[in-house]
Amino acid sequence: MGSWNYSVFWNEAMSLAREELGEHEFTMWFNIEYDSSSENSILVRAPSSFYRDQLIKKYQKFLEGKLFELTGKHLGLEFLIVKPVAEPSTQSSTGGTARHGQDAAAGEGPRHAPSRTKREDAPREKAKHPQLRVDYTFENFVIGDNNGFASNAALAISKNPGTSYNPFLIYGGVGLGKTHLMQSIGNRVWAENSKVKVICITAEEFTNEFIQSIHDKTTQGFKNKYRYVDVLLIDDIHFLQNKLGSQEELFHTFNALYDGNKQMVFTCDRPVSELKNLSDRLRSRFERGLNVDLQPPNFETRCAILKKKVEASRVHVQDEVVEIIAKNISTNVRDLEAALTKLAAYAELVHKDITLEIAQNQLKDVFSQSKHGNVTIDNILRVVADHYKLSYSDLKGKKRTKNIAFPRQIAMYIAREITEYSTTELGFEFGGRDHTTVMHACQKIEERLKLDPNLESTIQSLVRSIKDYSAKV
Ligand code: ADP
Ligand code: MG
C-alpha cells in the first residue's frame, strides 16, 4: 500500500461537500468514512452495498472532482463495506476484521441492519455530538433565583426523557440561558447513553431543511429523520410564526414523537400564548407539557455566574471586580459574559491583572449602555400608542379621556420599570407633568395588576415590543 495518506484531502473534500450540498443532503448520503489511501485511490468505508451504489451513482464524479481540485491528482474512489455493529459487546464474537482499533464486521454478511450511527457504537473515545455545544452542560449552569424551577425540571427530564414533562418548553428573553439549559438536557442524555438519538436544531434550521427537502423531493427522508429520534430539541420556536408549512410538519412530528414517548424540548422568546400566526393545534401541543420561564438573574446569581465563568477562563479577576460588573449589568447573562470577555481580552493584551480601576475604565460604555439600553421614553410612547391605536401626541398630550389616560399610565408604569429615570424626569418626559402624576399612575397600574390577570402579559408583551423596537431604531 505504500505510505500514501490522503486523509487530510478527504476531510477537506467532505467539508466542501457539506458546504455545497447542505447539511441535510450531506448527512443523508455521506455516511462514509475514510479508510486508507494508495497511490491513485482512496479507500472509503460504506455501511452497505446499497449505500455504496447510490453514492457512486449520485456523487462519485462530484467527489473525484473535489479531490482533483484539492490534490491535483486524479484519485479514484474504492469502497469497503463495513456493516455497522449494533452492540459493542457483541463485537468480539462477530469475528470481523479489526481496523484501526475499531472492531467492525467486514464483508457483506447480512448480520446487522444498517444504522446511521455507526460511530456512536464504536467503543472508542466518545465522539462529540454534532449539534450540541460541549460547554452547554448542567455542570456549567449556575442555578439561581431566576432559573431554579426550570433547571430542576431539566435535570429530571434528562434522567427520564420522555416520561414526564413532555414537551418541556423554556421561554424568556434573550441571553437568559434557554439554549444552554436545553442543550444541557441533550448533553446529559447523550453522555449517559450515546445510543439515544438526540437531535438539536433551531426552528430556523428545521424550516430551511424542510423547504429544501420539498425542493429536492426528499420529504420522506426529512420526515424519517425527525420522527425516529429519542430526544428532539428545537431552539427558538418563535421563528415558526407565519411559517404554516413548517408548523404543519412539526405538528405531525410532534404527534409521532409524543405517541412514542420521545422527549421534546423547545425554547421560545415569549410565552406560547403570545405567539402570533401559529396554528391552534400546534399551540395547544406546545402548551401540553411543562412551560417554564427564565427571568433575569438577581445580583447574587449574577455574581455566582460571573465567578463560574472566571474559574473556567483562567484569568484572575478579583471579587470586587465581579461585583461591580454584576451591579452594573442586570439585563442578561450574555451581556455579563460579554463584559467579562472584554476585560479578559484587555488584561491579556496589556499583561496586567484586572483591577477595579481597569474594569471601571474598560467597561464605562458598556455600563452606561446597560443602564439606559436603547430604550427611550419616546420609544415607549410610540410602541404603547401603537398598541392602543392612539397617536404619539395623544399619549404625550394633556387629554384625560379614559381611552387615553389608561394607556398613558401603562406607558409611565413601563418607563418606571425598564428605565432608570426618576419620577421627576419621567414627568418631564411625559409632557411636563408632575412627579406625583407618575407615582399615581404606577400605583394605579399596580392595583389593576392584582385584579386583572391579563394585564401582566399585556405589559410583558409591550415591554418586549419596546425592546425589539429600540434595538432596531
Ligand atoms: P438564550 O438562549 O436564552 O438567549 P443562552 O442559553 O444562549 O441564552 O445563554 C447566553 C449565555 O449565558 C451563554 O453563554 C450561557 O452559557 C450563559 N448562561 C446563561 N444562563 C447561565 C447560567 N445560569 N449559568 C451559567 N451560564 C449561563
Ligand atoms: Mg438561545
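# Notebook: one chain and its ligand

**Entry 1, a histidine in a loop.** I began with His-129, which I found in the loop between helix H5 (118-121) and helix H6 (148-159). I note here that what I am looking at is a predicted model. Is His-129 buried or exposed? Its relative accessibility is 4%, and because buried means under 20%, His-129 counts as buried. I then looked up what the side chain of His-129 reaches, and found the backbone oxygen of Val-198 at 2.8 Å, while the backbone nitrogen of Gln-131 lies 2.9 Å from a polar atom of that same His-129 side chain. When I left aside the neighbours within four places in sequence, I found His-129 in contact with Trp-190 and Val-198, so I wrote down Val-198 under both headings, as a polar partner and as a contact.

**Entry 2, the ligand and its shell.** Next I turned to ligand 1 and asked which of the 18 residues around it come nearest. I listed Gly-175, Lys-178, Thr-179, His-180 and Glu-337. I sorted the shell by residue kind as well, and it divides into seven nonpolar, seven polar and four charged residues.

For the polar atoms I went through three side chains in turn. In the side chain of His-180, an N or O atom is 2.6 Å from an oxygen atom of ligand 1. For Arg-334, I noted a polar side-chain atom 2.8 Å from an oxygen atom of the ligand, whereas for Lys-309 a polar side-chain atom lies 3.0 Å from a nitrogen atom of ligand 1. I then looked up how much of the ligand is covered: on its own ligand 1 has 560 Å² of accessible area, and the protein covers 94% of it. Which elements give two or more residues to this shell? I found helix H7 (178-192), helix H12 (299-313) and helix H14 (333-350).

**Entry 3, the chain as a whole.** I stepped back to look at the full chain, whose secondary structure comes to 22 helices and eleven strands. The chain has 473 residues, and buried residues make up 45% of them. The chain exposes about 24,500 Å², and I noted that carbon and sulfur atoms supply 50% of that area. I also looked up the contacts between residues at least 6 apart in sequence, and of these 71% join residues at least 24 apart.

**Entry 4, cysteines.** I reminded myself that a disulfide is a covalent bond between the sulfur atoms of two cysteines. How many disulfides does the count give when the sulfur atoms must lie within 2.5 Å? The count comes to zero. I looked up the accessibility of two cysteines all the same: Cys-303 is buried, with a relative accessible area of 8%, and Cys-442 is buried too, at 9%.

**Entry 5, backbone details.** I looked for a cis peptide bond and found one joining Asn-166 and Pro-167, with omega about -5°. Pro-167 is in the loop between H6 and strand S7 (168-171).

I also wrote down two asparagines for their phi values. Asn-242 has a phi near 75°, which is a positive value in a residue other than glycine, and its place is in the loop between strand S9 (231-235) and helix H10 (244-259). At 54% relative accessibility, Asn-242 counts as exposed, because the cut-off for exposed is over 50%. The phi of Asn-277 is near 50°, likewise positive in a residue other than glycine, and I placed Asn-277 in the loop between strand S10 (263-268) and helix H11 (280-286).

**Entry 6, a serine and a glutamate.** I found Ser-391 in the loop between helix H17 (377-387) and helix H18 (392-396). At 31% relative accessibility Ser-391 counts as partly exposed, because that figure falls between the cut-offs of 20% and 50%. A polar atom of the Ser-391 side chain lies 3.1 Å from the backbone nitrogen of Asp-394. I also noted that the C-alpha atoms of Ser-391 and Leu-381 are separated by 9.0 Å, with the two residues ten apart along the chain.

Last, I looked up Glu-205, which lies in helix H8 (residues 203-215) and is partly exposed, with a relative accessible area of 40%. Glu-205 and Phe-239 are 34 residues apart in sequence, and I recorded 9.9 Å between them in space, C-alpha to C-alpha.

Key: Residues are numbered from 1 along each chain as its sequence is written. Chains are lettered from A and ligands numbered from 1 in the order in which they are written. This is a predicted model: local features need pLDDT of at least 70, side-chain atom pairs count only at pLDDT 80 or more; totals for chains, interfaces and linings use all residues. Side-chain values use heavy atoms; hydrogens and water are left out. A residue is near a molecule or strand if one of its heavy atoms lies within 4 Å of it. A polar contact is a pair of N or O atoms within 3.5 Å; within protein, one must be able to donate a hydrogen and the other to accept it, and residues adjacent in sequence count only if both atoms are side-chain atoms. Accessible areas come from the Shrake-Rupley method with a 1.4 Å probe; for residues, only the protein chains shown count as cover. Helices (H or I, at least four residues) and strands (E, at least two) are DSSP runs, numbered from the N terminus. Ala, Val, Leu, Ile, Met, Phe, Trp, Tyr, Cys and Pro count as nonpolar, Asp, Glu, Lys and Arg as charged, and the others, Gly among them, as polar. Buried means under 20% relative accessible area, exposed over 50%, partly exposed in between (1.4 Å probe, protein chains only). Contact means heavy atoms within 4.5 Å. A disulfide is a pair of cysteine sulfur atoms within 2.5 Å.
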